[in-house]
Amino acid sequence: MYIAQEESFGPVMVISKFKNGDVDGVLQRANATEYGLASGVFTKDINKALYISEKLEAGTVFINTYNKTDVAAPFGGFKLSGFGKDLGKLLSPLLISNLKVLINEKNT
């Protein structure tokens, strides 16, 4: 699906179906792109959400929310979505694979 593989800017959300329990298949599809700025996981299972967020190749992973972030937190993507992070103490090029995970606790 073209829209799921491009880095679209704007109010765009791709929702994909998957077979029950096929988390690794979902991760494979999600990571099969040249970009990795941000992603979102919606689930009632916080352990599953944390597992997925650890495996996603994205600079930011939102859990049970989307686009709610602290402007002072490090920001940046993976792959062609940016090199390194802006802001914060983690600006060192040695730490460019650092992941930011934001969790909406009201929905977990």
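## Strand S3 and its neighbours

A residue is called buried when its relative accessible area is under 20%. Keep that cut-off in mind as you look at this predicted model, starting with strand S3. Thr60 and Phe62 point one way from S3, while Val61 and Ile63 point the other way. All four of these residues are buried. That fits a broader pattern: in a regular strand, side chains alternate between the two faces of the sheet.

Next, find strand S2, which covers residues 38–41. S2 and S3 pair in the parallel sense, with four bridges between them. If you want a spot to look for, Gly40 stands opposite Phe62 in S3. To get from S2 to S3, the chain passes through helix H2, residues 46–55. This β-α-β crossover is right-handed.

## Just past S3

Carry on into the loop between S3 and S4, and you meet Asn64. Its phi is near 60°, a positive value in a residue other than glycine. Asn64 has a relative accessible area of 5%, so it counts as buried.

Thr65 sits in that loop too, between strand S3 (60–63) and strand S4 (78–79). With a relative accessible area of 10%, Thr65 is under the 20% cut-off and therefore buried. What does Thr65 contact, leaving aside its neighbours within four places in sequence? The residues are Phe42, Leu102 and Asn104.

## Around S4

Lys79 belongs to strand S4. Like Asn64, Lys79 has a positive phi although it isn't glycine: the value is near 55°. Lys79 is partly exposed, at 29% relative accessible area.

A little further on is Ser81, in the loop between S4 and strand S5 (100–103). Is Ser81 buried or exposed? Its relative accessible area is 12%, so Ser81 is buried. Not counting residues up to four places away in sequence, Ser81 touches Glu7, Tyr35, Gly36 and Leu37. You can also pick out Gly59, which is 22 residues from Ser81 along the chain. The C-alpha atoms of this pair are separated by 8.4 Å.

## A nonpolar patch on the surface

Now for the outside. Met13, Ile15, Phe42 and Tyr66 make a nonpolar surface patch of about 490 Å². You've already met one of these residues: Phe42 is among the contacts of Thr65.

Met13, another member of the patch, lies in the segment before helix H1 (23–31). Why does Met13 count as exposed? Because its relative accessibility is 55%, and exposed means over 50%.

Note on methods
Residues are numbered from 1 along each chain as its sequence is written. This is a predicted model: local features need pLDDT of at least 70, side-chain atom pairs count only at pLDDT 80 or more; totals for chains, interfaces and linings use all residues. Side-chain values use heavy atoms; hydrogens and water are left out. Helices (H or I, at least four residues) and strands (E, at least two) are DSSP runs, numbered from the N terminus. Buried means under 20% relative accessible area, exposed over 50%, partly exposed in between (1.4 Å probe, protein chains only). Contact means heavy atoms within 4.5 Å. Two strands pair if DSSP finds at least two bridges between them. A crossover is right-handed if, with the strands pointing away from the viewer, the path from the first strand over the helix to the second runs clockwise. Patches are made of residues with over 30% relative accessible area and no salt bridge: like charges are joined within 9 Å, nonpolar side chains (Val, Leu, Ile, Met, Phe, Trp, Tyr) within 5 Å. Accessible areas come from the Shrake-Rupley method with a 1.4 Å probe; for residues, only the protein chains shown count as cover. A salt bridge is a side-chain nitrogen of Lys or Arg within 4 Å of a carboxyl oxygen of Asp or Glu.
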